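Please read this report with the sequence and the 3D view side by side. The headings go from the whole chain to single residues.

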Amino acid sequence: MKTFTIINELKMKQFKKLIVALTLVVGGTSCESLDVEPTGFYSDENFYKTIEDAEAAILYAYDALTLVSYAPVTYYFTELASDNCVVKADEGADAQAFVNWEVTAQNQLLTQYYRSIYIAVNRANAVIENIEGKGFNPEDEKRILGEALFLRAYNHFNAVKAFGLAPLQKSLIDKLDETTATLPADMQEVYAFLIDDLTRAIDNLEVNRVTGRADKVAAQALLAKVYLFAASAKESGVPKYNAISENVDVLYAKAAEYAGMVLNNQGEYSHDTDLQNIYNVDSPNGPEHIFILSLDRSGTQEGDYSKLSKYFIPYIDGATVYLKNTDDTFSPTHDGWSVFQTTDKLFTSYDADDKRKTDLFVSEVYSQNGTAIGSVADGTVIYPFTRKYIDPLFEGDKTSTRPYLIRFSDIQLVYAEATANADGLAQYNQIRSRANATELASIGGLSKADFRKLVVEERQRELAYEGDRLWDLRRTNTVQSNVTNAAGLSPDAVAFYPIPQREIDLNPNIN
């Protein structure tokens, strides 16, 4: 793929200049090896000399999102801990803890995720602090700065959704004594920082679709999601969110405003009428994909290519199996590791004729000649699995399956939830119409709260396995009413994961 090739050529040429100092992060990440301050660091004095240097640095910041300890681990949090999935019986104890809601500060998956967030934040900070005033073309400078601001906000937003009041790393860490950031005072400080970064990103960016990178529309979409999270969390009484000073109605209005910009003020992204096309791994520039990772089966190491499909597909017989397509042709796929197993609750939440069930779940597999060789009914396929992560051109374990970070349909539902009016109903119905599900004729007789509940339920069906479900349950304060294993926990325990103990031990300012 052209975009992937260009990015990797730049990586090979430029990333040799970006040494370990760019990855030193808040909270003690890698501090165990920092007996002395790093030397040989490429600073603004000796690295950011050319636009190629700056491009390499922003690509390095994006590259953090593809860390094996980041993107795949997200699904342990957001899917296993929700009502979408359970985990296979012999998966490790740390994974089981998410399903059982027994996650502690010693959980290694939690630690990996936390560290990856702040590695990504620090790489973005390196660009933010070094791009301005270097004499680059103003358009290039604005674009790269805007992308870095987007990435800093994107990663900090992941931190607040997962951990609540986690450190805000506002500057580059390149010295040991800078690794002990304090916690923000409250959620008002956190969200003000996110909103400021994304507002600046929007001001600096243009609509410019490039697979794996963010543009103005991505920044507007993320800001809409930030405002929606704040609005619903404050309205629902999620712990710590009462500190946000803005009125809930104002927050919803802001979410609708920025979602509306995505829906109405540009022509590059749109609602894809072809449900299958959204999940075609060779169409990452489809109209739905506002922000998607650049992963490709031609990559040389994991993180350049993806193994994401292995998590969702069950183990069948260790060989290639074939899936029946809607046009009665067949597509090959490897079988998988059976890690993320579909719950009956999710599967039965779809109407019988919903295309997201009939077309995007697999209950039977075939041989190359089209002979059925196993099914959920006979127990060969141990659960109905999603087709969202299928690559018919896989090369061994190497695939081009990508996390869908921000989709147009996601923002349609953000708009529907935020407005909770007739305009929002139109967006909601467009999603259901594509899926062949019954449309809602009117919101007459429904309160805003009632309609918003319907939208959140629709988000589960539309965005299943895309890394949103737990966050939706958290912001609406409905974890315990939907996830049996979370019953009896404290409000804080269901709203936030604990900051990893190792990070607390290394940074006394976190405790």
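The report below describes a predicted model.

## The chain as a whole

The protein chain has 511 residues, and 61% of them count as buried. Its secondary structure consists of 20 helices and ten strands. The accessible surface of the chain is about 19100 Å², and carbon and sulfur atoms hold 47% of that area.

Contacts can also be sorted by how far apart the two residues are in sequence. Among contacts in the chain with a separation of 6 or more, 72% join residues that are 24 or more positions apart.

## Nonpolar cores

Which residues have the most contacts inside the largest nonpolar core? They are Phe150, Tyr191 and Phe291, in a core of 138 residues. Leaving out residues up to four places away in sequence, Phe150 touches Leu198, Ala201, Ala214, Ala218, Ala219, Leu222, Phe291 and Ile406. Phe291 therefore appears twice here: as a contact of Phe150 and among the residues with the most contacts in the core.

A second core is separate and has ten residues, including Ile316, Val362, Val381 and Tyr383.

## The largest cavity

The structure holds nine cavities of 30 Å³ or more. The largest cavity has a volume of about 290 Å³. Its lining has 21 residues, and Thr74, Tyr154, Asn158, Leu405 and Gly467 are the closest to its centre. By class, this lining divides into 14 nonpolar, three polar and four charged residues.

Which elements supply at least two residues each to the lining of the largest cavity? They are α3 (71-80), α6 (138-163), α8 (216-236) and β10 (404-407). The largest share comes from α6, with four residues.

## Helix α3

Helix α3 is one of the elements that line the largest cavity. Ten of the ten residues of α3 are buried, so the helix is largely enclosed by the rest of the structure. The buried residues of α3 include polar and charged names as well as nonpolar ones: among them are Thr74, Thr78 and Glu79, along with Val73, Phe77 and Leu80.

## Two pockets

The largest pocket has a volume of about 580 Å³. It is lined by 26 residues, and those nearest its centre are Gln276, Lys324, Asn325, Asp359 and Arg387. Two or more lining residues come from each of α10 (275-278), β3 (321-324), α13 (355-358), β6 (361-362) and β7 (364-366). The lining is made up of nine nonpolar, nine polar and eight charged residues.

The second largest pocket has a volume of about 420 Å³. Of its 22 lining residues, Lys453, Val456, Glu457, Thr476 and Thr478 lie nearest the centre. Two or more residues of this lining come from each of α8, α16 (448-462), α17 (469-475) and α18 (479-482). Helix α16 gives the most, with eight residues. By class, the lining of the second largest pocket has four nonpolar, eight polar and ten charged residues. Helix α8 thus has a part in two linings, as it also supplies residues to that of the largest cavity.

## Two asparagines with positive phi

Where is asparagine 436 found? It sits in the loop between α15 (422-434) and α16. Its phi is near 65°, a positive value in a residue other than glycine. Asparagine 436 counts as partly exposed because its relative accessibility is 45%, and the range for that class runs from 20% to 50%.

Asparagine 477 also has a positive phi, of about 55°, although it is not a glycine. This residue lies in the loop between α17 and α18. With a relative accessibility of 38%, asparagine 477 counts as partly exposed.

## Lysine 355 and its contacts

Lysine 355 is found in helix α13, one of the elements that line the largest pocket. At 36% relative accessibility, lysine 355 counts as partly exposed.

Which residues does lysine 355 touch, not counting residues up to four places away in sequence? The contacts are Leu275, Leu360, Arg434, Ala435 and Asn436. Ala435 is 80 residues away from lysine 355 along the chain, and their C-alpha atoms are separated by 4.8 Å. Asn436, another of these contacts, is the residue described above with phi near 65°.

Conventions
Residues are numbered from 1 along each chain as its sequence is written. This is a predicted model: local features need pLDDT of at least 70, side-chain atom pairs count only at pLDDT 80 or more; totals for chains, interfaces and linings use all residues. Side-chain values use heavy atoms; hydrogens and water are left out. Buried means under 20% relative accessible area, exposed over 50%, partly exposed in between (1.4 Å probe, protein chains only). Contact means heavy atoms within 4.5 Å. Accessible areas come from the Shrake-Rupley method with a 1.4 Å probe; for residues, only the protein chains shown count as cover. On a 1 Å grid over the protein atoms alone, a cavity is a set of points where a 1.4 Å probe fits but cannot get out, and a pocket is an open set with protein on both sides within 12 Å along at least five of seven lines; lining residues have an atom within 4 Å of a point. Grid points are joined across faces, edges and corners, and a volume is the space filled by probe spheres set on the points. A nonpolar core is a set of buried Ala, Val, Leu, Ile, Met, Phe, Trp, Tyr and Cys residues joined through side-chain atoms within 4.5 Å.
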